[in-house]
Amino acid sequence: MSATAKRVMFGYIQTQTLHAVVKLGVPDILDAGPASAGVLAERVRARPDTLARALDVLVRLGLFCRDEDGRYAHNEDSRCLSSAHPNSLADLLLFCARESYQTFAHLPEAVRTGEAVFPEAWGAPFWDHLEANPDRAALFARAMERQSEALLRKLATDHDFGQYAEIVDVGGGKGQLFRPLAAAGVRPPCVVLDQPSVTDAAQAYLAQEGLDHVRFTAGDFFMAVPEGAALYVLKFVLHDWADPECLRILERVREAMTKSPGAKLMVIELVRGGDPSPWSYLSDMLMLSTFGAMERSEAEFRVLLNAAGFEVEAVEAIAGAHYQIVAAPRS
């Protein structure tokens with residue numbers, strides 16, 4: 001039997017073994033130093049023998065390590081599973097190992113039709129599911145914030161945002177983009193547009209972070225986008241939507257830019273095939289099953305932006321397969 005086929009086939013065992021260990025809180029305990037299975041089991045209220053068996057799976061896979069005395073400890077690849085890590089994967093795992101895991105049982109239908117199967121798995125579309133389950137919505141929001149934080153810090157230092165007189169982050173959540181920009185000394189008037197349900201959280205976040213130059217606007221980017229800015233940002237928005245919806249979003253942005261000669265659009269996305277790792281391809285299946293959408297290749301982004309009346313001016317790597325694509329309305 002092919003070892004590769006077998007490894008891929010039983011990937012679900014790896015996912016759920018890791019889920020069990022993280023949900024029990026083991027990575028957080030190991031932040032304090034090595035510990036035996038017995039000590040860990042007492043702390044997390046588990047059986048020492050079964051916890052050791054689960055940890056041995058992960059050690060064999062390269063996560064965590066075990067010393068000659070049988071004590072378990074972090075290695076460089078497991079530290080990000082601690083909730084205290086600045087770019088922790090813990091919340092993302094706890095969300096995906098439930099919502100995404102159950103959804104992927106229906107992936108054959110998504111591959112056959114190109115349609116989202118999240119509603120089939122959970123009884124409602126993704127965003128409706130989160131609205132009905134505030135605890136899961138909060139977990140998802142934390143996961144997304146953690147995953148974008150380092151990327152946004154790098155973007156803030158690599159790109160000259162100081163050249164823009166006003167910035168609008170379209171679908172920008174609470175306004176997290178503007179914290180690293182402010183830390184880099186960039187504080188022009190800014191607007192973050194997102195759904196009315198985000199209003200209270202966004203206003204609290206902006207006040208807490210001292211971002212008094214940022215204004216939150218509740219709205220629907222399918223209907224209208226604030227006018228008059230020098231830069232419009234679409235950060236991890238387009239991959240949630242199929243081409244027809246993306247064109248509607250881009251058209252609203254282009255309409256808003258008519259009042260700002262020389263305005264630019266910056267699209268920040270994972271680019272499928274943008275680096276040698278398989279992550280962008282795996283995420284593409286995540287977008288397909290969840291939203292009936294996709295991670296796009298650079299060529300597909302160019303086609304999409306061209307269809308919406310934009311001309312791509314620059315495509316630059318940020319980190320891994322994450323890229324920034326700068327475009328301007330075609331005259």
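**In what order do the seven strands of the open sheet run?**

The order is E5-E4-E3-E6-E7-E9-E8, and the pairing in this open sheet of seven strands is mixed. Before we walk through it, please keep in mind that this is a predicted model.

## The chain as a whole

Let's start with the overall picture. The chain contains 15 helices and nine strands. Taken along the principal axes, its C-alpha atoms fill a box of roughly 65 × 45 × 40 Å. The radius of gyration is 22 Å, which agrees with the value near 20 Å for a compact globule of 331 residues.

## The sheet

Back to the sheet and its order, E5-E4-E3-E6-E7-E9-E8. Its edges are held by strand E5 (214-218) and strand E8 (310-319); each has a single partner strand, so one side of each is left without a neighbour in the sheet. From one strand to the next, the twist averages 20°.

Strands of a sheet pair through backbone hydrogen bonds, either parallel or antiparallel. Here, strand E3 (residues 167-170) and strand E4 (residues 190-194) run parallel and are joined by four bridges. If you would like a place to look, try Ile167, whose bridge partner in E4 is Cys190.

## Helices on the sheet

Which strands does helix H10 touch as it packs on the sheet? Helix H10 (residues 134-158) touches strand E6 (231-235), strand E7 (264-270), E8 and strand E9 (322-329). The direction of H10 makes about 115° with that of E8.

Helix H15 (residues 298-307) packs on the sheet too, touching E7, E8 and E9. The direction of H15 makes about 145° with that of E8.

## Helix H2 and its partners

Now for the helix pairs, beginning with H2. Helix H2 (residues 11-23) packs with helix H6 (residues 90-104) at an angle of about 130°, their axes being 10 Å apart. That angle makes H2 oblique to H6, and the crossing of the two is left-handed. From H2, the residues in this contact are Tyr12, Thr15, Gln16, Leu18, His19, Val22 and Lys23, and they meet Ala90, Leu93, Leu94, Ala97 and Tyr101 in H6. By type, the contact residues of H2 and H6 comprise eight nonpolar, three polar and one charged.

H2 also packs with H5, at an angle of about 120° and with the axes 10 Å apart. H2 is thereby oblique to H5, and this crossing is left-handed as well. H2 brings Thr17, Leu18 and Val21 to the contact, while H5 brings Ala54, Leu55, Val57 and Leu58. Six of the residues in the contact of H2 with H5 are nonpolar, one is polar and none is charged. Leu18 is worth a click, as this residue of H2 takes part in the contact with H6 and in the contact with H5.

## Helices H4 and H5

What angle do H4 and H5 make as they pack? Helix H4 (residues 37-44) and helix H5 (residues 48-60) meet at about 110°, with their axes 9 Å apart. Angles of 65 to 115 degrees count as roughly perpendicular, and H4 and H5 are therefore roughly perpendicular to each other.

On the H4 side of this contact are Ala37, Gly38, Leu40, Ala41 and Val44; facing them in H5 are Pro48, Leu51, Ala52 and Leu55. The contact of H4 with H5 counts eight nonpolar residues, one polar and no charged. Leu55 of H5 appears in this contact with H4 and in the one with H2.

Key. Residues numbered from 1 in each chain as written. Predicted model: local features only at pLDDT ≥ 70, side-chain atom pairs only at ≥ 80, totals over all residues. Heavy atoms only, no water. Axes fitted to C-alpha atoms, helices over the stretch in contact; angles between N-to-C directions. Parallel < 35°, antiparallel > 145°, perpendicular 65-115°, else oblique. Left-handed = near helix turned anticlockwise from the far one by under 90°. Contact = heavy atoms within 4.5 Å. Nonpolar A, V, L, I, M, F, W, Y, C, P; charged D, E, K, R; others polar. Pairing = 2+ DSSP bridges. Rg over C-alpha atoms; globule rule 2.2 N^0.38 Å.
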